[in-house]
Amino acid sequence: MKKFFIFLHSYYDKAQTKEFIGGMLLILGAAFFNLVFGYFSAIFAVYLSFMKWDYIGPMEFVGFKNYEIVLRDLYRGIIGAPYLLTPFFTGFKNIIIYTLMVVPAQTFLALILAALANQRIRGAQFYKLAYFLPGTTCPVIISLIFIWLFMKKGFINYMIQFFAPGFAPDWLNDRNYLLPAIAIVAIWGTSGHFTVSFLAALQAIPRDLYEAAMLDGAGPIRRFIFITIPLLRPMIVYVVVMGVIGALQMFDLAWVMAGSSGGPGGSGYTIALDIYNEAFTRLRPGVAAAKSLFLFTIIFITTYLFQKRYGKVIR
Amino acid sequence: MKNDIVKLSWFIVTYIVLTGFALVYLIPFIRSITASFMTWEQASRFPPEFFPNPFTLENYEKLFRLELFPRWILNSALYTGIIVFGNVILTSMAGYAFARLRFPGRDALFSVLLALLMIPGFVTLVPNYIIIYKLGLVDNILGLALLSIADVSSIFLMRQYYASFPSDLFEAARLDGCGPVKAFFYIAFPLGKPAIGAVAVYQFLGAWNAFLGPLVFLRTPENFTLPVGLSFAFQRSMWVEYTPIIAGSVLAAMPTLILFVTLNKYLIRGIVITGGKG
């Protein structure tokens with residue numbers, strides 16, 4: 001026994017094995033949790049998507065039936081069935097519209113604000129802080145506050161009055177305005193965050209470039225279009241990709257502002273809400289897994305195509 | 001002369017746009033803080049009023065009369081504490097090992113972990129629920145915390161940080177007979193403070209603001225965290241008025257607001273390293 005320990009000790013004392021064992025020890029915790037709750041779960045999700053199950057009884061292999069449910073839902077939605085019959089299609093349609101509203105708006109806004117705040121002006125720090133603040137606040141809390149601001153006789157309708165008199169929709173109870181209201185909150189909440197990302201990238205652009213352009217007589221707008229935008233392209237791609245990933249998975253805002261069934265006419269329903277409902281109210285984890293893999297595919301394809309077209313995101 | 005006028009008007013436009021947007025971003029905060037001291041009768045008035053009159057603490061009293069509310073605060077604090085502590089320990093150890101130690105399969109394992117960033121949380125949600133359920137940890141803050149106790153982007157941040165050190169430092173320790181584990185605790189951990197701080201701040205924000213995980217994994221109202229609790233209170237219409245919800249939101253946003261005001265430089269610098277995963 002003692003010999004064994006001496007052997008173990010001399011084995012451990014060799015620098016190489018020491019480093020191996022030490023490395024393993026240090027990585028063990030982090031690797032374990034990620035392998036179980038990341039990889040094992042992802043593989044389990046694929047397995048689950050071929051199963052019919054209700055959490056209690058035995059699992060039953062059903063082949064591609066869960067995917068068939070998803071596709072039939074989409075097909076029925078396309079030929080125009082009402083939203084109660086086509087929850088996934090409704091969520092899919094809404095989330096695409098939502099992404100098309102949010103991502104361009106927040107990227108554009110963040111870019112403009114960052115370019116303006118990047119000039120040599122007093123108080124740049126204050127503006128940075130003001131823009132970044134919503135990004136650090138809990139989305140649920142933001143939604144709760146905006147529910148109150150969006151009320152029919154609320155603050156937002158009061159402000160709108162000055163710009164468009166007579167326009168006072170009941171945002172959250174009107175099926176035409178619910179999704180735009182959620183999009184406005186999302187843009188408000190995330191654009192400042194991306195402003196800071198852009199500011200970081202802007203600070204890396206050498207000032208000489210601008211000075212040279214200024215000597216050549218280029219005005220601020222021309223400098224922005226011909227110097228800033230091309231040099232910021234990697235960051236723009238990054239912000240768009242991150243924005244798309246976030247927007248397609250939007251859950252918190254819809255849950256609070258529209259409710260779990262998506263509000264009037266399902267106009268605030270999203271894929272994420274549908275996955276939640278499938279798994280925890282309709283109790284069909286198999287179908288939920290199939291839907292989540294569908295969502296993964298959409299995210300993967302859109303971000304892949306975008307990066308292929310406009311350049312890779314550098315992590 | 002003409003040039004000066006153009007320059008001046010450009011400056012004025014810049015300030016108007018910047019200040020306008022600063023107001024857009026700040027007014028909802030200011031308005032909620034003032035409204036939390038108003039009666040609902042005043043807060044819902046149209047056109048809106050900006051100064052509480054009469055000034056009242058009634059909304060906060062109503063909040064704390066609900067016995068669940070202090071529990072939600074405690075639960076949020078507990079959950080956030082576990083996540084921050086777990087991430088600081090586990091990811092700094094892993095980041096150091098991935099950056100500084102040489103052993104077979106190191107880079108392969110790191111790429112494997114990094115690839116997890118591509119998988120959206122919704123894919124692993126249901127299987128994780130089943131795992132936690134089988135472990136008997138549903139409706140338990142600890143079970144929920146296990147899911148995000150070693151965040152991949154934190155590992156990435158720590159690795160990048162440790163990789164930026166000159167290798168002489170760790171080489172010297174090695175020559176002095178300091179083993180890799182000992183070197184971590186005596187050299188790498190104290191040296192890693194700036195990056196560890198960034199990890200702690202980001203994990204704090206992530207955990208304090210988390211919603212989907214707590215919503216799925218916590219089942220009874222006594223175990224809810226603040227975001228889940230507040231949305232629960234709202235959906236169950238616990239108060240006739242909306243002002244207690246506003247007061248609760250203000251209280252729940254306070255820690256992140258204070259953190260932001262005191263540590264904003266840190267946070268903004270962290271965005272540059274992580275690329276802005278909030």
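Domain bounds are taken here from an automatic or database domain assignment. In the predicted model, this assignment divides chain A into domain 1, spanning residues 2-48, and domain 2, spanning residues 85-310. The centres of domain 1 and domain 2 of chain A, calculated over C-alpha atoms, are separated by 41 Å.

Chain A and chain B share an interface in which 74 residues of chain B contact 74 residues of chain A. On the side of chain B that touches chain A, helix 1 of chain B (residues 2-35) provides the largest share, namely 12 residues. Classification of this side of chain B yields 56 nonpolar, 15 polar and 3 charged residues.

One element of the interface is the pairing of helix 5 of chain A (residues 124-136) with helix 1 of chain B. The axes of these two helices come within 9 Å and cross at roughly 40 degrees. Because angles under 35 degrees count as roughly parallel and those from 65 to 115 degrees as roughly perpendicular, helix 5 of chain A and helix 1 of chain B are classed as oblique to each other. The crossing of helix 5 of chain A and helix 1 of chain B is left-handed.

At this crossing, helix 5 of chain A contributes A:Tyr127, A:Ala130, A:Tyr131, A:Leu133 and A:Pro134. These residues meet B:Leu18, B:Phe21, B:Ala22, B:Tyr25, B:Leu26 and B:Phe29 of helix 1 of chain B. The contact between the two helices comprises 11 nonpolar residues, with no polar and no charged residues.

How values were computed: Residues numbered from 1 in each chain as written. Chains lettered and ligands numbered in written order. Predicted model: local features only at pLDDT ≥ 70, side-chain atom pairs only at ≥ 80, totals over all residues. Contact = placed C-beta atoms within 7 Å. Helix = DSSP H or I, 4+ residues; strand = E, 2+ residues; numbered from the N terminus. Nonpolar A, V, L, I, M, F, W, Y, C, P; charged D, E, K, R; others polar. Axes fitted to C-alpha atoms, helices over the stretch in contact; angles between N-to-C directions. Parallel < 35°, antiparallel > 145°, perpendicular 65-115°, else oblique. Left-handed = near helix turned anticlockwise from the far one by under 90°.
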